[in-house]
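Trainee: I have a sequence and a structure to read. Could you show me how to go about it?

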Amino acid sequence: MAFRFEELNIWKKAMDLNEAVFLFSKTLPKDELFVLSSQMKRASDSVVLNIAEGSTGQTKASFKLFLNYALRSAIEVVSCLFIAKRRSYINEIQFKTLYDEHEVLVKMITNMKKSLD
């Protein structure tokens with residue numbers, strides 16, 4: 001593999017969740033296309049991109065900074081899921097699945113940050 005991030009389990013997990021969020025966002029009403037759907041996709045993309053970008057940094061401190069950005073973006077996705085739930089755009093099973101998987105990812109990111117201390 002040419003790039004370090006390709007070997008990272010947190011990046012792989014983030015990529016899988018990014019695809020799941022993208023597919024879910026396609027089910028949102030058209031009037032959410034440039035609002036909730038766009039925000040959710042951008043936040044999910046940010047998780048993947050920050051993990052990748054941080055993994056190529058020169059220092060552990062730099063990587064931790066990007067992991068912090070990824071963590072915040074993952075939490076933003078979860079908040080978007082709550083909005084979708086409140087607006088009845090997502091059923092309880094879909095919500096729980098995406099919520100639980102993001103909880104796992106957040107823990108993975110947090111553990112990766114701790115390992116850099």
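Mentor: We will take a few features in turn, with the general idea before the case.

Trainee: What kind of model is this, and how are the residues numbered?

Mentor: This is a predicted model, where local features need pLDDT of at least 70, side-chain atom pairs count only at pLDDT 80 or more, and totals for chains, interfaces and linings use all residues. Residues are numbered from 1 along each chain as its sequence is written, and side-chain values use heavy atoms, with hydrogens and water left out.

Trainee: How do I read helix names, and where does Ser115 lie?

Mentor: Helices (H or I, at least four residues) are DSSP runs, numbered from the N terminus. Ser115 lies in helix H4, which covers residues 92–115. The side chain of Ser115 reaches the backbone oxygen of Met112 at 2.7 Å. The C-alpha atoms of Ser115 and Gln39 are 30 Å apart, with their positions 76 residues apart along the chain.

Trainee: Is Leu8 buried or exposed?

Mentor: Start with the cut-offs. Buried means under 20% relative accessible area, exposed means over 50%, and partly exposed is in between (1.4 Å probe, protein chains only). Leu8 has 10% relative accessibility, so Leu8 counts as buried. Leu8 sits in the segment before H1. Its C-alpha is 8.8 Å from that of Ile51, although the two are 43 residues apart in sequence.

Trainee: And which class does Ala2 fall in?

Mentor: Ala2 counts as exposed, because its relative accessibility is 68%. Ala2 is also in the segment before H1. The C-alpha atoms of Ala2 and Met15 are separated by 17 Å, and these residues are 13 apart along the chain.

Trainee: What is a salt bridge, and how many are there?

Mentor: A salt bridge is a side-chain nitrogen of Lys or Arg within 4 Å of a carboxyl oxygen of Asp or Glu. By this rule the count is six. One of them joins the side chains of Glu32 and Arg87, at 2.8 Å from N to O. Glu32 lies in the loop between H1 and H2, and Arg87 in the loop between helix H3 (60–86) and H4, so the pair ties together parts that are 55 residues apart in sequence. Glu32 is buried, with a relative accessible area of 6%. Arg87 is partly exposed, at 42%.

Trainee: Which residue does Asp117 pair with?

Mentor: Asp117 forms a salt bridge with Lys64, and their closest N and O atoms are 2.4 Å apart. This pair links distant parts of the chain: Asp117 is in the segment after H4, Lys64 is in helix H3, and they are 53 residues apart. Asp117 counts as exposed at 67% relative accessibility. Lys64, at 24%, counts as partly exposed.

Trainee: Where is the salt bridge between Asp100 and Lys96?

Mentor: Both residues are in helix H4. They are four residues apart, so about one helical turn separates them. Their closest N and O atoms are 2.7 Å apart. Asp100 is partly exposed at 26% relative accessibility, and Lys96 is partly exposed at 47%.

Trainee: What makes up the nonpolar patch on the surface?

Mentor: Here is the rule for this kind of patch. Its residues have over 30% relative accessible area and no salt bridge, and nonpolar side chains (Val, Leu, Ile, Met, Phe, Trp, Tyr) are joined within 5 Å. In this structure, Leu33, Phe34 and Val35 form such a patch, with about 340 Å² of accessible area together. Val35 is found in the loop between helix H1 (9–25) and helix H2 (36–55). Val35 is partly exposed, with a relative accessible area of 48%.

Trainee: What is a cavity, and which residues line the largest one?

Mentor: On a 1 Å grid over the protein atoms alone, a cavity is a set of points where a 1.4 Å probe fits but cannot get out, and lining residues have an atom within 4 Å of a point. The structure holds one cavity of 30 Å³ or more. The largest cavity has a volume of about 30 Å³. Its lining is Ala14, Leu17, Asn18, Ser44, Val47, Val77, His102 and Leu105. H1, H2 and H4 each supply at least two lining residues. H1 gives the largest share, three residues.

Trainee: What stands out about the phi of Ser88?

Mentor: Most residues other than glycine have a negative phi. Ser88 has a positive phi of about 65 degrees, although it is not a glycine. Ser88 is in the loop between H3 and H4. At 64% relative accessibility, Ser88 counts as exposed.

Definitions and conventions: Polar contact = N/O pair within 3.5 Å; in protein donor to acceptor, adjacent residues only side chain to side chain. Patch = residues over 30% accessible without salt bridge, like charges linked within 9 Å, V, L, I, M, F, W, Y side chains within 5 Å. Areas by Shrake-Rupley, 256 points an atom, 1.4 Å probe, with all protein chains shown as cover. 1 Å grid on protein atoms, 1.4 Å probe; cavity = no way out; pocket = protein on both sides within 12 Å on 5 of 7 lines; lining within 4 Å. Points joined across faces, edges and corners; volume = space filled by probe spheres on them.
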